[in-house]
Every structure is written in structure tokens, then in C-alpha cells.
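Me: I am new to this structure and would like to understand the reasons behind the words used for it. Could you take me through them step by step?

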Amino acid sequence: MSGETMTIAPHGGTLVNRVVDGEERRSVFERARALPSLALHPRSVADLELIASGGYSPLTGFMGQADYQRVLHEMRLADGRPWPLPITLRASDATPLRGTAALAGPDGTILGLLEVREVYTASQREEAQLVYGTTDAKHPGVAQLYTQGEFLVGGDIRLLARTRPAFPELALDPADTRRVFAERGWRTVVGFQTRNPVHRAHEYIQKAALEIVDGLLLHPLVGATKDDDIPAVVRVRSYRVLLERYYPRDRVLLAAFPAAMRYAGPREAVFHALVRKNYGCTHFIVGRDHAGVGSYYGPYDAQRIFQRFRPDELGIQPLCFEHTFYCRRCGAMASPKTCPHDGDARVTLSGTKVRELLRSGELPPPEFSRPEVARVLADGLKEVVV
Ligand SMILES: [Zn+2]
């Protein structure tokens, strides 16, 4: 069997590639310089690159109204395929946008082209309610939405230049991860999304999954997160030391996921799964309160939402895990599904508590966090704070 056929099909069947390269790139660039241009927020730059690289297959551009409305109300594209989050380009002034427009980064550098197909308006409050389940401006995803313009610009994109990745050695496109999986002979791959350090509870879940699949894609999100999340540069150091000391080298691939966090909870869990299918994963871990924030979502809403789709239309298998912890009486990692003991025996700490400990230079207990990981985090946060 060839590598190509061994790897799972992307969402929609074909891996989208909207990257212009080679000879064509120079002439398209020339043309782009003469066009009206739209400056993108870093979040939209990440979306642009993910559309171009096929991470968002089958999307070939920013959504038009038909896709946008059906995504909002039914979590499907206009053609019926599952897609839970709007991928849109909002602008405060759409008057110069006709025909082809240049897309620029925040510093004005031309990054790509947009074939403007339609400009439309839509209520930010409705989008907030349907996507995030709240119109509360204290929700970080909603707050971000409210800062954006009132016009939505839909149309296909082409990518001419990429921004410098935060972690060049971890910058793998879907085509790259797929190639690695094929080379390693992995037929089944579980994807793990995180914006946090990997503590023992996450390690346990990943390794439980690794007992039944060929490989793990540890795929931390390195795009924009909220300010009190641990910075990606510190997290990446902690992932490296953890993998080096505690994981079999040949069964894990560490790569960076360049998207921004939306904190859309259940809908973002489905989005994270579909995108990881595009990266070649066959399985995807959905933990407690996946992509959640505050108390906007129920702890297992992000697992239940998968039942609203037929397994064959998602095409990637969610692996749902409960809250896990070290139990002193079991003498092992466990969850309410496997441990009969009460709370006193269980070592649990909230994310906020862990950050407090680390910022004060104290290390969480080894049952909670590998000492090497805790040390890297404590040292890293000291640097960041100073
Ligand atoms: Zn127990």
C-alpha cells in the first residue's frame, strides 16, 4: 500500500493547496502590488495560512454568506458538510474591495490575494450567541469578535508569502505531517490539541490512546491565546523535555498548530478534530471542557456535540476522556471511571492554582506534574514576568 492511500482522506476528500510558488509567484506579486489592499489582524493571517496549506480543507477562502449562515445555524457548510466555526474576514471599510484585493500583514507586507466574491453584513451578537453560546463581552472569543469590523468579505484566497513561524522547526503543514505518518507507517494517529502544558493527567490520556493507535501527534496551538495562558515559548520547552524523558521517540510527532484560540468550547472541539483530520489524524482526544473558558460551557458539552454528526461525515474518531488525576490509594493515574476512592485521595489542582504556584517559584507535586516539566515552567514564567 502506498503512503498516500494509507493516510486518512482530508475533510472533503482533497487537501486544499492555495499556495502560489515558483515562477508564477513573481508575476502574481507584481500584480498584487498595484491592487487595493486589506491589512489583516494576526488572527486572520493565521487563518489565511491555514486555508492555503489545507489545514481548513475543504475551505478555499474566507466564507461567503451562504456558508456563514449555515455554519452558524446548523454547523454545516452550504453543501452540507460538517463545519462548526465561521472562518471569516471582517473589515470596517469594504468600499475599496472589488474584484481582486491584496491581503497584507499587520505591517503592510503583502501576503496573498483575495478574489472578492461578496461583501455582506451580519450581526456580531447573533454570531456570538450561536458560536460561543453567549453575548457576554467578558468571553475572550466574543470580546475578539466585537473588536472586528461590520463587513464580511467572502472569496477564495491565494497565499504568496508566509509569515515567519514562531517555531520554524515545528512548522509542519498538513502535507508534511501526512508524509511523516506515511514514512513511519502509522495507519492510525491520535491528535492532541492543547494550549496548556502537558501535566500527568494529559500524559495519561495520551498514553491510554497510544495503547490502541500507532502514533501521537502532539499538536499544541501556538497562535494567539488569552493573556493569562502560559506563553507558547515556555510551553514548547516543557513539551520537549517531557517527550525526551517520558515518551517513546518513534511514536510521537511534535508539531505546532498555528491557529488562534477562539474559546468556543464544543464547536471548537469539532473544529479542532476536523482540522486534525486534515493533518492526517484518524483519532482525536476530547477532554473535559475542551476549548472552554470560565464556566461558559458544561464540562462534557464538547464531547456530547460530536453525537450531532454521523461518524462517517466527520471521518475522525473522537476519543472522549473524563477528568483524570493521580489517586494516592490506587497508586496510579485514574479517572472516576476507574477509581472508587474519594476526593481526598485524588491529587487535583486547577489551572489557575498551578499557574499561581509556578509564578511564585513553587513546583506542583510530582503526582500532578513531572518535576522536569514543572521546573521548565517555573523558570520560564519567571523570565516572562520579569
Ligand atoms: Zn483511587
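Reply: Let us begin with a cut-off: a residue is called buried if its relative accessible area is under 20%, exposed if that area is over 50%, and partly exposed in between. Please keep in mind that the model is a predicted one.

Me: What makes Cys339 count as buried or exposed?

Reply: The relative accessibility of Cys339 is 6%, and the limit for buried is under 20%, so Cys339 counts as buried. For Cys330 the value is 32%, which falls between 20% and 50%, and therefore Cys330 counts as partly exposed.

Me: Which residues coordinate the zinc ion?

Reply: The zinc ion is held by the SG atoms of Cys327, Cys330 and Cys339 together with ND1 of His341, at 2.1 to 2.3 Å, where a donor has to lie within 2.8 Å of the metal. Along the chain, these donors are spaced as C-x2-C-x8-C-x1-H.

Me: Why is the arrangement around the zinc ion called tetrahedral?

Reply: Four donors earn that word if all angles lie between 85 and 135 degrees; the 4 donor atoms here subtend angles of 102 to 116°, and the arrangement is therefore tetrahedral. For comparison, the ideal angle for four tetrahedral donors is 109.5 degrees.

Me: How many disulfides does a search of the whole structure find, and why is Cys320 too far from Cys281 for a bond?

Reply: The search of the whole structure finds 0 disulfides. A disulfide requires two cysteine sulfur atoms within 2.5 Å, whereas the sulfur of Cys320 is 15 Å from the closest cysteine sulfur, that of Cys281, and so is too far away for a bond. Cys320 is also partly exposed, because its relative accessible area is 33%.

Me: What is the strand order of the open sheet, and why are S10 and S12 said to stand at its edges?

Reply: The open sheet has 5 strands in the order S10-S9-S8-S11-S12, with parallel pairing. Strand S10 (252-254) and S12 each have a single partner strand, so one side of each is left without a neighbour in the sheet. From one strand to the next, the twist averages 25°. Within the sheet, S8 and S11 run parallel and are joined by 2 bridges, and Val190 has His283 in S11 as its bridge partner.

Me: Where does H8 pack, and what covers its buried residues?

Reply: H8 packs on the sheet, touching S8, S9, S11 and S12, and its direction makes about 145° with that of S9. Among the buried residues of helix H8 (residues 200-210) are Ala201, Ile205 and Leu210, and what covers the buried residues of H8 includes helix H9 (232-246) and strand S14 (332-334).

How values were computed:
Residues are numbered from 1 along each chain as its sequence is written. This is a predicted model: local features need pLDDT of at least 70, side-chain atom pairs count only at pLDDT 80 or more; totals for chains, interfaces and linings use all residues. Side-chain values use heavy atoms; hydrogens and water are left out. Donors are N, O and S atoms within 2.8 Å of the metal (3.2 Å for Na, K and Ca); water is not among the atoms, so sites may look incomplete. Four donors count as tetrahedral if all angles lie between 85 and 135 degrees; four count as square planar and six as octahedral if opposite donors are over 155 degrees apart and all others between 65 and 115; anything else is irregular. Buried means under 20% relative accessible area, exposed over 50%, partly exposed in between (1.4 Å probe, protein chains only). Helices (H or I, at least four residues) and strands (E, at least two) are DSSP runs, numbered from the N terminus. Contact means heavy atoms within 4.5 Å. Two strands pair if DSSP finds at least two bridges between them. Axes are lines fitted to C-alpha atoms, for helices over the stretch in contact, and angles run from 0 to 180 degrees between N-to-C directions.
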